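Here is a brisk report on one chain. It starts from a single residue and works outward to the fold.

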Amino acid sequence: MVVDTKNIVSITEANQNFSRVARMVDESGVAVILKNNVPRYVLVEISQMENEQTAEDEDVLAISRRLIAKNRHAYEELAK
């Protein structure tokens with residue numbers, strides 16, 4: 001995930017002005033919240049999170065198809 005440095009806020013700022021952080025997410029899609037100057041939390045829109053999950057599911061399906069194609073002979077033998 002690539003994050004613009006403009007989308008990084010401290011946990012104190014996020015706590016004191018959450019509406020600003022929410023607007024930041026509305027505009028750019030993501031905000032990274034630092035705790036003790038270390039990236040600790042990521043705030044994203046639900047739609048983006050769902051898109052990420054879909055991509056992961058597609059990756060699993062692609063891997064499954066590749067493995068089935070690669071081992072088709074073994075699966076056919078097991079099916080007998």
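## A buried asparagine

Asn-7 is buried, because its relative accessible area is 9%, under the 20% cut-off. The model is predicted. Asn-7 sits in the segment before β1, the strand of residues 8-10.

What does the side chain of Asn-7 meet in a polar contact? The partner is the side chain of Ser-28, at 3.2 Å. Setting aside neighbours within four places in sequence, Asn-7 is in contact with Met-24, Ser-28, Val-30, Ala-31 and Val-32. Glu-27 lies 20 residues from Asn-7 in sequence. The C-alpha atoms of Asn-7 and Glu-27 are 9.9 Å apart.

## Chain overview

The protein chain holds four helices and three strands. Along the sequence the pattern reads β-α-α-β-β-α-α. The chain has 80 residues, and 15% of them count as buried.

The accessible surface comes to about 6600 Å². Carbon and sulfur atoms own 53% of that surface. Take the contacts between residues at least 6 apart in sequence: 24% of them join residues at least 24 apart.

## The sheet

In what order do the three strands lie? They form an open sheet, β1-β2-β3, with mixed pairing. β1 and β3 are the edge strands, each pairing on one side only. On average, neighbouring strands are turned by 35° against each other, direction ignored. Helix α2 packs on this sheet and touches β1, β2 and β3. The direction of α2 makes about 140° with that of β2.

Strands of a sheet pair through backbone hydrogen bonds, in a parallel or an antiparallel sense. Both senses occur in this sheet. β1 and β2 pair in parallel over three bridges. Ile-8 stands opposite Val-32 in β2, and Ser-10 stands opposite Leu-34 in β2. On the other side, β2 and β3 (residues 38-44) run antiparallel, joined by six bridges. There, Ile-33 has Tyr-41 of β3 as its bridge partner.

Is β2 enclosed or open to the outside? Five of the six residues of β2 (residues 30-35) are buried, so the strand is largely enclosed by the rest of the structure.

## The nonpolar core

In soluble globular proteins, nonpolar side chains tend to be buried together. Which residues make up the largest nonpolar core here? There are seven: Val-9, Ala-14, Val-21, Met-24, Val-25, Ala-31 and Ile-33. Two elements give two or more residues to this core, namely α2 (18-28) and β2. The largest share, three residues, comes from α2.

Val-21 is one of the core residues. Leaving out residues up to four places away in sequence, Val-21 touches Val-9, Ala-14, Ala-31 and Leu-43. Met-24 also belongs to the core, and Met-24 is in contact with Asn-7 as well. Ala-31 appears in the core too, and Ala-31 is likewise in contact with Asn-7.

## The β2-β3 turn

The hairpin of β2 and β3 has two residues between the strands. Asn-36 is found in this loop, and so is Asn-37. Most residues other than glycine have a negative phi. What sign does phi take at Asn-36? The value is positive, near 55°, in a residue other than glycine. Phi of Asn-37 is positive too, near 60°, again in a residue other than glycine.

Are these two residues buried or exposed? Asn-36 counts as exposed, because its relative accessibility is 70%. Asn-37 is exposed as well, because its relative accessible area is 73%. The cut-off for exposed is over 50%. Asn-7, by contrast, is buried at 9%.

How values were computed:
Residues numbered from 1 in each chain as written. Heavy atoms only, no water. Buried < 20%, exposed > 50% of the residue type's maximum accessible area, 1.4 Å probe, protein only. Polar contact = N/O pair within 3.5 Å; in protein donor to acceptor, adjacent residues only side chain to side chain. Contact = heavy atoms within 4.5 Å. Pairing = 2+ DSSP bridges. Core = buried A, V, L, I, M, F, W, Y, C linked by side-chain atoms within 4.5 Å. Areas by Shrake-Rupley, 256 points an atom, 1.4 Å probe, with all protein chains shown as cover. Axes fitted to C-alpha atoms, helices over the stretch in contact; angles between N-to-C directions.
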